[in-house]
There are 2 protein chains.
Amino acid sequence: MSAEVLDVTTVPAYLATRPGVPGLIDLSTATVQEVGDGNLNLVFVVRDAQGRSLVVKQSLPYVRMVGESWPLSQDRILAEGRGYVAAQALTPDLIPAFHGLDADRRVLVLEDLSEWTVWRRALDQGVIAPGAGAAVGTYAARIAFGTSVLGLPAEQVQEAAAAAANPQLCRITQDLVFTEPFVDHPQNSWDDALTGDVLALRDPALLHEVAALKYRFLTAGQALIHGDLHSGSVFVPDKRLRAAGAPAAKVFDIEFAFYGPVGFDLGTSLANHLFAHVRAQVLDRPAAFRESVADLPAQTWGAFAAEIARLWPQRADASWTDGFRDAWLREVWQDAVGFAGLEAIRRVVGLAKVSDLQSLATDERVRAARVVLTTARRWIVDRTRIAGPDGLLPAAASPVPGADARRSEPAGARA
Amino acid sequence: MSAEVLDVTTVPAYLATRPGVPGLIDLSTATVQEVGDGNLNLVFVVRDAQGRSLVVKQSLPYVRMVGESWPLSQDRILAEGRGYVAAQALTPDLIPAFHGLDADRRVLVLEDLSEWTVWRRALDQGVIAPGAGAAVGTYAARIAFGTSVLGLPAEQVQEAAAAAANPQLCRITQDLVFTEPFVDHPQNSWDDALTGDVLALRDPALLHEVAALKYRFLTAGQALIHGDLHSGSVFVPDKRLRAAGAPAAKVFDIEFAFYGPVGFDLGTSLANHLFAHVRAQVLDRPAAFRESVADLPAQTWGAFAAEIARLWPQRADASWTDGFRDAWLREVWQDAVGFAGLEAIRRVVGLAKVSDLQSLATDERVRAARVVLTTARRWIVDRTRIAGPDGLLPAAASPVPGADARRSEPAGARA
């Protein structure tokens with residue numbers, strides 16, 4: 001089913017029909033701007049004369065980056081709506097305020113976070129976002145606990161999991177993350193100098209583990225995961241917003257949500273810590289920034305584990321013993337490390353790149369990408385032997401001399 | 001929703017309305033007998049004057065063994081219908097011929113297997129059913145492969161899994177297998193002499209592993225498993241039927257079907273091998289029977305692995321490497337051993353007993369049950385260290401002297 005596509009001229013009249021929305025904004029003075037930079041959606045910012053604003057998100061019936069040649073059901077906005085409904089119940093502080101889903105028109109209305117920064121952009125620019133890693137870990141823990149048999153009766157989880165099936169978006173992840181980077185595929189691309197590194201990934205020992213993680217992605221229906229929880233799916237506040245009491249991060253873009261392995265969201269986060277870390281080293285960012293990035297895995301995982309421990313007394317089943325919790329955390333961690341390796345590889349080799357690496361000069365990017373690929377292989381193959389976030393990130397991605405003018409201490413001071 | 005309950009007087013008129021059924025049997029001369037001995041359903045055998053027959057199964061709106069105090073949706077017959085539809089497509093030789101589901105009346109029409117024997121009864125009586133263990137392994141492999149991402153595109157599996165959600169029946173398994181045997185519960189019962197053994201199960205080391213297996217049962221949506229694949233869910237043919245070309249077994253009672261871990265069905269099978277094995281030893285059955293029972297785990301697992309290998313070239317995704325297959329088989333085996341331990345315990349401690357043990361004299365039953373509980377604990381706690389079916393069953397459950405008149409060789413000849 002295809003719903004009528006909104007444009008900047010039709011958004012105000014449309015919003016006038018949405019329950020509750022006319023009370024949030026003065027539609028008679030509203031101006032509308034289309035700001036979508038994603039692949040799958042239209043995103044409008046609507047502002048009134050009093051400075052109030054809203055975001056309107058409508059799913060397109062195709063993948064925007066590729067165009068109408070890749071049709072995609074607009075139903076994915078229903079998946080995103082389910083994600084926001086769950087997050088609103090479990091951790092409303094860590095998502096944009098949610099003003100409802102119009103299932104017929106495939107439209108979500110959300111808080112406007114234009115004054116916030118997409119976390120990846122902050123990381124790219126060397127700006128520290130205090131507490132953002134921990135906030136993402138807390139978010140992941142609340143969703144993992146509150147949508148799963150840890151926090152709910154099993155019947156309720158099984159019904160929710162059935163309703164949350166999201167096969168089209170899972171297929172995108174399956175292809176882009178788990179399949180295409182390891183075969184010849186026209187959507188792949190990389191710097192020529194990396195060809196040997198990329199082809200070296202196709203060895204049986206690695207491919208067996210990739211298959212095991214793909215199978216786990218497709219069969220471990222543990223919780224309503226985000227499904228694409230990278231630094232481009234997180235908004236961070238600036239100093240002014242923080243001073244006004246803003247939380248350290250807000251998670252958005254939940255359209256890949258489905259019942260999958262809890263470790264997947266943590267894994268995409270860890271991979272994006274790696275990109276930021278390698279970039280910061282290659283650009284020789286100031287020590288405070290480099291250290292804040294190097295600490296992200298420990299921050300994120302620490303917050304996740306702490307939040308699970310905090311929620312544990314509310315568990316839905318006395319069978320979930322503390323010993324089981326510890327074993328469960330170990331398994332989630334191992335899954336996360338493995339999935340992080342997959343996410344790391346696909347962002348170098350596959351269709352969807354990351355600005356952390358793409359915006360580097362070629363020589364720097366090649367060197368950074370080599371570190372990423374080497375680390376990713378280690379994560380995938382050794383995931384059951386990596387006990388925790390200590391030592392997860394590579395220590396040595398030597399800076400390019402003079403690559404960043406802000407360099408203020410001897411090279412290798414942190415190695 | 002509750003559908004009108006059939007009785008012996010209304011079955012013929014009802015069958016006259018079912019498409020295709022009047023061609024299978026002469027309803028004008030039909031006689032009807034109610035033969036259900038299960039807990040959840042009415043089962044009618046309908047025979048005509050020419051000796052043709054059919055089975056009609058209708059789900060009751062409560063658990064029959066407990067009575068109307070335990071209401072249960074009749075929707076479970078839809079789960080059973082899904083199980084038969086899948087099995088009919090993938091392994092029609094190893095189920096009763098399936099003549100359709102009436103979703104409105106909650107009725108299945110099936111081949112009448114009255115001339116066959118429920119496998120548990122044959123095992124109880126010391127009768128060998130050649131090839132039955134292997135047939136169950138083959139059945140489990142075909143379903144595991146053909147309903148999962150091994151054999152189907154992921155989208156199709158995700159849609160099928162959502163449609164196959166069966167929360168009410170999963171709750172029964174969750175409670176009876178994974179919860180009640182390990183707590184004080186009015187549905188539990190055991191011989192007084194076993195109290196120490198039963199209470200000793202409630203130690204943290206075991207309970208952590210029980211929790212891990214329960215979580216796996218609830219979250220590992222790998223394939224459309226049977227969900228209750230014990231020796232009471234399998235018909236075996238006698239010599240005459242085998243001579244006429246009957247398969248070695250037919251699987252039935254699929255109402256617990258849902259997308260769960262592949263190892264669960266194999267585990268319930270292995271546990272029931274243990275019951276038969278311990279009974280055969282305690283009763284000192286003839287060596288040929290004891291050896292055939294002792295070989296059941298190897299037969300079942302060997303047939304499962306062989307059938308997976310045979311189907312492997314038809315896998316739906318080139319990502320599933322041979323190395324992944326081997327790792328997958330190891331994981332399925334470990335799951336099976338763990339789930340077998342759970343099934344073994346619940347049949348001694350929980351609500352639903354097995355005739356293998358219940359029909360023994362008290363002293364024999366107590367000794368057999370001790371062996372079962374000891375073995376079950378080993379299976380659960382050591383499952384990752386048990387490499388295969390060799391040595392899975394306990395070697396020594398010493399016979400009761402003179403307990404079986406057919407004893408024909410020195411005690412301990414097989415020890």
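Helices and strands in this tour are DSSP runs, numbered from the N terminus. The model is predicted.

**Stop 1: the whole of chain A**

Select chain A and colour by secondary structure. The chain contains 15 helices and 10 strands. Along the principal axes, the C-alpha atoms occupy a box of roughly 60 × 55 × 45 Å. The radius of gyration of chain A is 21 Å, which agrees with the value near 22 Å for a compact globule of 415 residues.

Next, switch to a surface representation. The accessible surface of chain A is about 15400 Å², and carbon and sulfur atoms account for 53% of that area. Of the 415 residues in the chain, 57% are buried. If contacts are displayed for residue pairs at least 6 apart in sequence, 74% of these join residues at least 24 apart. Colouring by charge brings up 40 positive and 48 negative charges, whose mean positions lie 3 Å apart.

**Stop 2: the loop at Arg106, in both chains**

Select A:Arg106. This residue sits in the loop between strand 4 (98-102) and strand 5 (107-111) of chain A. The backbone deserves inspection: A:Arg106 is not a glycine, yet its phi is positive, at about 60°. Is A:Arg106 buried or exposed? With a relative accessible area of 7%, A:Arg106 is buried.

Now select B:Arg106. Here the loop runs between strand 6 (98-102) and strand 7 (107-111) of chain B. B:Arg106 also has a positive phi of about 60° without being a glycine, and B:Arg106 is buried at a relative accessible area of 7%.

**Stop 3: Tyr14 of chain A**

Select A:Tyr14, a residue of helix 1 (residues 11-16). Its relative accessibility is 6%; because buried means under 20%, A:Tyr14 counts as buried. Which residues does A:Tyr14 touch, when those up to four places away in sequence are not counted? They are A:Leu6, A:Asp102, A:Arg105 and A:Val107. Two of the elements visited at the previous stop appear again here, since strand 4 covers 98-102 and strand 5 covers 107-111 of chain A.

From A:Tyr14, draw a distance to A:Ala387. These two residues are 373 residues apart along the chain, and their C-alpha atoms are separated by 52 Å.

**Stop 4: Ala303 of chain A**

Move to A:Ala303, which belongs to helix 12 (residues 296-311). A:Ala303 counts as buried, with a relative accessibility of 14%. Leaving out residues up to four places away in sequence, A:Ala303 touches A:Ala134, A:Gly137 and A:Thr138. Draw the C-alpha to C-alpha distance from A:Ala303 to A:Thr138: the two are 165 residues apart in sequence and 5.4 Å apart in space.

**Stop 5: the two chains together**

Finally, show chains A and B together. How is chain B laid on chain A? A turn of 180° with a shift of 0.0 Å along the axis brings chain B onto chain A with an RMSD of 0.0 Å. This is the relation of a two-fold axis.

To locate the axis in the viewer, select B:Ala162. Among the residues of chain B, B:Ala162 comes closest to the rotation axis, with its C-alpha at 2.0 Å. Then select the interface residues of each chain. Of those in chain B, 100% are also interface residues in chain A, so the copies meet through the same surface.

Definitions and conventions
Residues numbered from 1 in each chain as written. Chains lettered and ligands numbered in written order. Predicted model: local features only at pLDDT ≥ 70, side-chain atom pairs only at ≥ 80, totals over all residues. Heavy atoms only, no water. Helix = DSSP H or I, 4+ residues; strand = E, 2+ residues; numbered from the N terminus. Rg over C-alpha atoms; globule rule 2.2 N^0.38 Å. Buried < 20%, exposed > 50% of the residue type's maximum accessible area, 1.4 Å probe, protein only. Contact = heavy atoms within 4.5 Å. Areas by Shrake-Rupley, 256 points an atom, 1.4 Å probe, with all protein chains shown as cover. Lys, Arg positive; Asp, Glu negative; His and termini not counted. Charge placed at Lys NZ, Arg CZ, Asp CG, Glu CD. Least-squares fit on C-alpha atoms with pLDDT ≥ 70 in both.
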